[in-house]
Amino acid sequence: MSLRRFTRLARSLTDLFPERHLYVRSGGEMHSYVLSTGKQLTLAGIVAGCALWMGVSTAALIAGALTQSHSEREVALTQAKYERWIADRQARLNSAMAQLNTSSTSFDDLATTMEKRNQALALLLTQAKGQPGAVQALEPALVAATTDGKGTPMQRIQAVRADQERLIEATETFAKNRADRLRLAFRLAGLDPAVYAGRGDALGGPLIEAKDPRALGAVLDVDAGFAERIQHVASDLSDVRGLSQSAQDLPLARPTTNTSESSGFGVREDPFTGHPAFHSGQDFAGALMTPVAATAPGVVSFTGQRTGYGNTVEIDHGRGFKTRYAHLAAISVSVGQHVSLGQRIGGMGSTGRSTGPHLHYEVWVNGRPQNPLRFVKAGDYVQQDVQ
């Protein structure tokens, strides 16, 4: 099989390169040259080898030129990048050296500035100390926020900065937790906390108006981010003061102590007729003459007998709030009298339409009766936060 293939290949080469005769006339004589198939194959191989060598050499030259050009560009780019880095570092070094050479007391001046900033921050944040629970929350940070002027300037700067962070973090935690708890208490009472949170807008007295972070940054000499952080704390503290004051002015306290809650607000079975009837208040059962107290500061607007209520006291607390205390055995206040939170207004009884000694307590908002138990539970929630 291989011999047959070889024979066919030899025949093909013979057909491609047949024997040729070359005649050359020179000087009147004719010369004859025979180009056999072998000679033609040898000549063709030499020509093909030369062509291949020239192609490979040309390709190598082109590739070398391209590679060298790309490498040169890479080197140039790398060199330019390093030159920029070196120039930038040199500029920073020159700037730092210039600052250091400006004044030998630069660190002392910076430390003094930080100390003043810390004092201003402490003065601002101590506004929260009047709130219940603030002393326990802020006292450790406020006690730690002191500098004795000792140590190197950089050590003093670091100490003051740490004091500032402790103060702001402690106040952030206290203000947010207290504000959130008060807002929730108002929602439990069915009230919008935003309506009652704006009563303490100013913060810091002569130091700052808390709503303006730029002014705060100018006073404390802090960056914009730190000033905005303090503004958020100031906003929460403002809400805390407003909500705390409102909580003291609104009827959130319990009208009696050592009593049990009996009939609640809403539709119930009338104890006399046995038919469903609307009950507009909350009953508290207790012993005869159990003290009954005002659930918020206000002015007594009515005392005397009301049909079905028996002996009754009504107190106007302002802002649309009114409370009613019924079935009293005794009345201790008079119309027009200013009463304070927790002041005794009478004794529990069973006058009027009553089956036994108890207090019928109502809360009215803008002329409409509300569920008193929601206000009582909201007040209990507020008190849990300050105990």
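A salt bridge, as the term is used on this tour, is a side-chain nitrogen of Lys or Arg within 4 Å of a carboxyl oxygen of Asp or Glu. With that in mind, select Glu362 and Arg324 in this predicted model, whose side chains meet in such a bridge at 3.1 Å, N to O. Because Glu362 belongs to strand 13 and Arg324 to strand 10, the pair ties together parts that are 38 residues apart in sequence. Both Glu362 and Arg324 are buried. Now add Arg306, Glu314 and Lys322 to the selection, and one network appears, in which salt bridges that share partners join these residues with Arg324 and Glu362.

Within that network, zoom in on Arg306 and Glu314, whose side chains meet in a salt bridge of 2.6 Å, N to O. Which of the classes, buried, partly exposed or exposed, applies to Glu314? Glu314 is buried, since its relative accessible area is 3%, whereas Arg306, with 29%, is partly exposed.

**The strands around Glu314**

Select strand 8 (residues 298–306) together with strand 9 (residues 310–318), and you will see the two paired in the antiparallel sense over 7 bridges. Glu314 in strand 9 stands opposite Phe302. The two strands form a hairpin with 3 residues between them, and Gly308 in the turn has a positive phi of about 85 degrees. Strand 8 also pairs in the antiparallel sense with strand 11 (residues 338–339), here over 2 bridges, and Gly298 is found opposite Val339 of strand 11.

**Into the core**

Next, select Val313 and display its surroundings: leaving aside neighbours within four places in sequence, Val313 is in contact with ten residues' worth of listed partners including Val300, Phe302, Arg324, Tyr325 and Ile345. Val313 is also among the residues with the most contacts inside the largest nonpolar core, which has 35 residues, and Leu191, Leu359 and Phe375 are others in that group. To see where this core draws its members, color helix 5 (153–188), helix 8 (224–249), strand 9, strand 10 (321–331), strand 12 (344–348), strand 13 and helix 9 (372–386), each of which supplies at least two of its residues. The largest share of this core, 5 residues, comes from helix 9. Apart from it lies another core, of 7 residues, which you can find by selecting Ile168, Phe226, Val233 and Leu237, all among its members.

**Along helix 5**

Move to Lys176 and Asp180, whose side chains meet in a salt bridge of 2.9 Å, N to O. Being 4 residues apart in helix 5, the two are separated by about one helical turn. Lys176 is partly exposed, with a relative accessible area of 46%, and Asp180 is likewise partly exposed, at 31%.

**Two loop residues with positive phi**

Most residues other than glycine have a negative phi. Select Met289, which is not a glycine and yet has a positive phi of about 70 degrees; Met289 is placed in the loop between strand 6 (282–285) and strand 7 (291–293), and counts as partly exposed at 36% relative accessibility. Then go to Asn366, where phi is near 50 degrees, again a positive value. Asn366 lies in the loop between strand 13 (358–365) and strand 14 (368–370), and at 60% relative accessibility it counts as exposed.

**Zooming out**

Finally, show the whole chain, whose secondary structure comes to 9 helices and 14 strands. Of its 387 residues, 33% count as buried, and the accessible surface comes to about 22,500 Å², of which 57% belongs to carbon and sulfur atoms.

Notes
Residues numbered from 1 in each chain as written. Predicted model: local features only at pLDDT ≥ 70, side-chain atom pairs only at ≥ 80, totals over all residues. Heavy atoms only, no water. Buried < 20%, exposed > 50% of the residue type's maximum accessible area, 1.4 Å probe, protein only. Areas by Shrake-Rupley, 256 points an atom, 1.4 Å probe, with all protein chains shown as cover. Pairing = 2+ DSSP bridges. Core = buried A, V, L, I, M, F, W, Y, C linked by side-chain atoms within 4.5 Å. Contact = heavy atoms within 4.5 Å.
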